[in-house]
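Here are a few exercises to work through with the coordinates open. Try each task before you read its solution.

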Amino acid sequence: AIASGHVTPINPTEPSRNHVYVFNNMFFSYAVDSKDGYKVFKGDEAAAKSARHDLRNISLIDRLQRAAVEPPSDQPEDAAEVSPPAVVPPGHRLCTLATTLVDLPCAGRRIVAQSIVPGILQSENLSKLVYGAIEHGHEYKADPDMVTLVGAVTDKFNIAPREIEAVPLKKEDGPPGPEKAAAATEEDGGTEPGPVTVCGAVEMKGIVGSDGRKYVLDVVRLSPRDANWVPERLGGTGVWEAVGGQDLPDDAFVALLRPELVHRWYTYQEQLQAKRKAASSEADAAGKAPEEVDEPDLEKLNVNVFLPFKCSTDPATAAVDEERVRKVSKFLWEKILPAITKHVRSGSLVPMDGSVLVELLHSYGVNLRYLGRLAALAKAEEDADIKEIAAGTMPGSVFPLFWRRALELEMVARASRYVLSDLLDGQDDVRRAPAAALTAFLNALLGSGGDESPSATQEPDEGAKEAGASGSAQLSKRRKKRGHHKHHRPAEAGAVLDLLGFAHGSISVSHEELWQSIRTQVYRRYWYSLEFWGAEGGAQEQAAFKTSLLRRVCQRLGLRIKAKSYNWALSKPFALGDVTDALPVAKSLGGNAPPGWSTVSLGWLAGNKTMIKDLAADPLAPLPCSNGSGFAAGGHPSSLVPCPLADVDELLTIAQLHMTTKNYAAVFQLAQEAFLFAQVVCGQTHRAVALCLSLMASALHHLREFGLAVQHQGRALATFQTISGFDSPDTVAASTQLASHHMQLGVDSLWRAARLTAASAYLYELVGGPLHPDVQTAYGKLGNFFSELSNEQHPGNGRVALLCFQDSVRRDAWQRYWYTTRAASLPNSTPAQQGVAATVPVLLAEAGTSPSSPRDQQRALELLLQAQTFHNMAILHFNTTANFKEALLHEKKAFSIYRTVLGEENKNTKQSALYLKKFTEQAVAESTKLREIQRNISNGGFAPSAEEEPRAARHSRHRGKGRAKGKR
């Protein structure tokens, strides 16, 4: 209603972009740059980003304030018996405003909806500014009580208090006027105002409302600016200049370090301090010099560095603060980003889709502007593997190909939002009816880009034409009976647009122009040149990922489209009616803090070191949120309404920690308690309720109560489908978990487990692409299910299992083929080296490597998994299709891997040798029998009966009949 102009603004005389509204006791405004705003950075993009930072920061402050009471000293150590402490009274803590951001991609605007500070709109005397400044050129106020409250909160976020000038932000058009300066001097008793102490961002404000509560507003920074994105000439680290070879632009892009990264930094510094003490103690005991360890730096950070004002009145302190922030930024560049790449190679991090990827990176403290850097690191890993293969030495494990494609897909989806906003800029008529523009945009984005070939125009065949003609005749007869005449027929969609004054192509952009704009946006925002989605990318491989890209773009733009199979070979795969709706994308206050810094998010739990030591032991360790099944009650996805009760998050976090220690009884008790709270506060259909049910099902599964586990997980799956859709990461993870529960209930439940696994495999490929590792794993599990369900009554299940195993092996083989073909294209690669590189078992046998290092161990596990798949395929060929030659071929591959990895004396190798001997004997006997039958028929004898006919020939004849029937 506000975006469409149905609500009257309270400042109608100002420009429309500065309009603010009050509706249903909520304050609405546009996140745009305003002339009178008290902000450091300028520009609409900076204003929208600052609004997002403000939303995140007040959410963190609110959570910290709710649970800031320390637990009593006589608190029991068993966390299962711990109940959250009482909430801090509102009068003794900072209060925040209920805030929601609403993105209108078609309108190109972001609306900020907030609750109203009591008394702020009634009279200036009912509310009072006690902290901060309201405009540029005004003196900074710092009430002692407010400074104490703000300092207590910012201290938890490792923010250092600093003295700054009384007027830190000067007026843009010059110094304050004489009237204001005289008034300020008279107010202070004729003396110049001295420096003031700030405990956070300069833009932060503190207001006392008419209800006596202290409210904090404009919390745009709880962490300093990222020095990696500050130009080197202005004090930045210079890492981007060293990589890109050109200066970093000093634009109005708000680039801040995430609070999660700051927490990881101080965890790392505490480890260095402990290591330094241990080294010193060992050296004193041994009587030698201590081992050199980096000096820890536990001093707090100044969040006002690298800004266009003095961050401290002391220049020496300001220089030290800037150097400390540079250290934290380099820690992100040199430690965190390579650690993420390492975990991806090892298989520890496998995000399902773009939303889980975002959650994963944020949990590490990595901003999404580093997507390009992560893609560059992934490309470096791929190139290193290609060079190893070309040299004739197979790496321990090749880098997963899905990772760089997932990063590029996310960059493209995010860049497309800005490109669409630029295309619709200034076209108000198109914004009011954007269906045609959105259709043209999707066609340019996902179409083939060339002229449609005659075969791709999808002309109906003669039968379809006849059916359509008869249907039209019947429809015209019914219309005549109802009194519909020719001039009463409904107009086509294009005619309606013409009648309203819109053209069919309301935006004029070609496929090449749109993708050039997207590549420009990607390079500007991520400093990365697209390769997979670049001009040289393969069309067939891009088509395999276009469905995943369409899904992610719709999530970013808030679009609803018809669910059908789109032909990506067409230049215009979308028709006008395919885009059914364009919805606003909302981001509200999250009910959970990101995992990985629970000592900040759970203040009352911070004293329990035994509960969080495993979680916070390694600042570079992967976090348990890589598959979309994280157990926090809010924030993923951000559009869902979070649970307002902090106790639910805290109980689930403790339950997760107990799950790592295998205390399943405590897990069930804590999850059940959280379930009761969430059900009362949020109702039945809420993500918090589903997460509690899923955690209870996991605990029951480990307690061997499989029937109850299936019941709880089934309810969780139904809830996830209701609130998030069938293709959400939560739904897919719940479906996979339910299949594992069904596996334990016997053969009767295997059918349900197989159906759930088949659905999961389809969804994994839909949301993550065909190269996602979970797709290969899901098809392998599905093959195991159907092989167990294969018997004489259901022989077709064996063939289905065989197809699943073949698909699983084919996906891994394609990745090997991709690396081998690119290694063959290198100038120093020889055909002999290429052949050796393509044969992994032979290579390992020649190299004589043993699985001693982690990479070799992982490679050995991968080879054993392939050997088991080949063996299963051989058994299925032998039992179901009687194709002994195929069975012998697959068993030879399995035997070669077993012999190379495990050795000649291993039981698996010996068992495979027995199967190999059996299949060889059967293949020879079958071949001999077929030759005798052919010889008998050629000499005028009779054909064998069904009982005497060899199994392989009988199965081949039945397959031929089935194919002929299908053709008929």
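**Exercise 1. A covered helix**

Work out how much of helix α22 is covered, and by what.

Solution. Keep in mind that this is a predicted model. Start with the count: 12 of the 14 residues of α22 are buried, so call the helix mostly covered, taking buried as under 20% relative accessible area. Next, list them: P729, D730, T731, V732, A733, A734, S735, Q737, L738, A739, H741 and H742. Then look at the surroundings: the cover includes α7 (354-364), α15 (539-557), α20 (687-702), α21 (706-724) and α23 (750-768). Last, check the length. α22 spans residues 729-742 and reaches 20 Å from its first C-alpha to its last, close to the 20 Å expected at 1.5 Å a residue.

**Exercise 2. Two helices crossing**

Find the angle between α7 and α9, and decide how to class it.

Solution. Fit the axes: α7 and helix α9 (residues 402-423) pack at about 100°, and their axes lie 10 Å apart. Angles of 65 to 115 degrees count as roughly perpendicular, and α7 and α9 therefore fall in that class. Now pick out the residues that meet: G354, L357 and V358 come from α7, while α9 supplies W403, A406, L407, E410 and R414.

**Exercise 3. Into the core**

Which residues touch the most other members of the largest nonpolar core?

Solution. This core has 99 residues, and the ones you want are I340, V366, W403, F441, I518, W533 and L549. Zoom in on W403: leaving out residues up to four places away in sequence, W403 touches I340, V344, P351, L357, L374 and A378. There is also a second, separate core of 54 residues, with A655, A690, L750 and Y779 among them.

**Exercise 4. One threonine**

Is T439 buried or exposed?

Solution. First place T439: it sits in helix α11 (residues 435-446). Its relative accessible area is 6%, and the cut-off for buried is under 20%, so T439 is buried. As for partners beyond four places in sequence, T439 contacts F574, A575, L576 and V579.

**Exercise 5. An antiparallel sheet**

Trace the order of the open sheet that contains β1 and β14, then find its edges.

Solution. The five strands go β1-β2-β5-β4-β14, with antiparallel pairing. β1 and β14 (585-588) each have a single partner strand, so they are the edges, and one side of each has no neighbour in the sheet. Neighbouring strands here are turned by 20° against each other on average, direction ignored.

Now walk along the pairs. β1 (residues 20-23) and β2 (residues 26-30) share four bridges, and Y21 stands opposite F28 in β2. Two residues lie between these strands in the hairpin, where N24 takes a positive phi near 55°. Further in, six bridges link β4 (residues 99-104) with β5 (residues 109-115), and L104 faces R109 in β5.

**Exercise 6. A mixed sheet**

In what order do the strands of the sheet with mixed pairing come?

Solution. The open sheet reads β3-β11-β10-β6-β7, five strands in total. Its edges are β3 (94-95) and β7 (141-142), each pairing on one side only. At the β7 end, two bridges join β6 (residues 128-132) to β7, and this pair runs antiparallel. For a concrete marker, the bridge partner of G132 is K141 in β7.

Definitions and conventions. Residues are numbered from 1 along each chain as its sequence is written. This is a predicted model: local features need pLDDT of at least 70, side-chain atom pairs count only at pLDDT 80 or more; totals for chains, interfaces and linings use all residues. Side-chain values use heavy atoms; hydrogens and water are left out. The expected span of a helix is 1.5 Å times one less than its number of residues. Buried means under 20% relative accessible area, exposed over 50%, partly exposed in between (1.4 Å probe, protein chains only). Contact means heavy atoms within 4.5 Å. Two strands pair if DSSP finds at least two bridges between them. A nonpolar core is a set of buried Ala, Val, Leu, Ile, Met, Phe, Trp, Tyr and Cys residues joined through side-chain atoms within 4.5 Å. Axes are lines fitted to C-alpha atoms, for helices over the stretch in contact, and angles run from 0 to 180 degrees between N-to-C directions. Angles under 35 degrees count as roughly parallel, over 145 as roughly antiparallel, 65 to 115 as roughly perpendicular and the rest as oblique.
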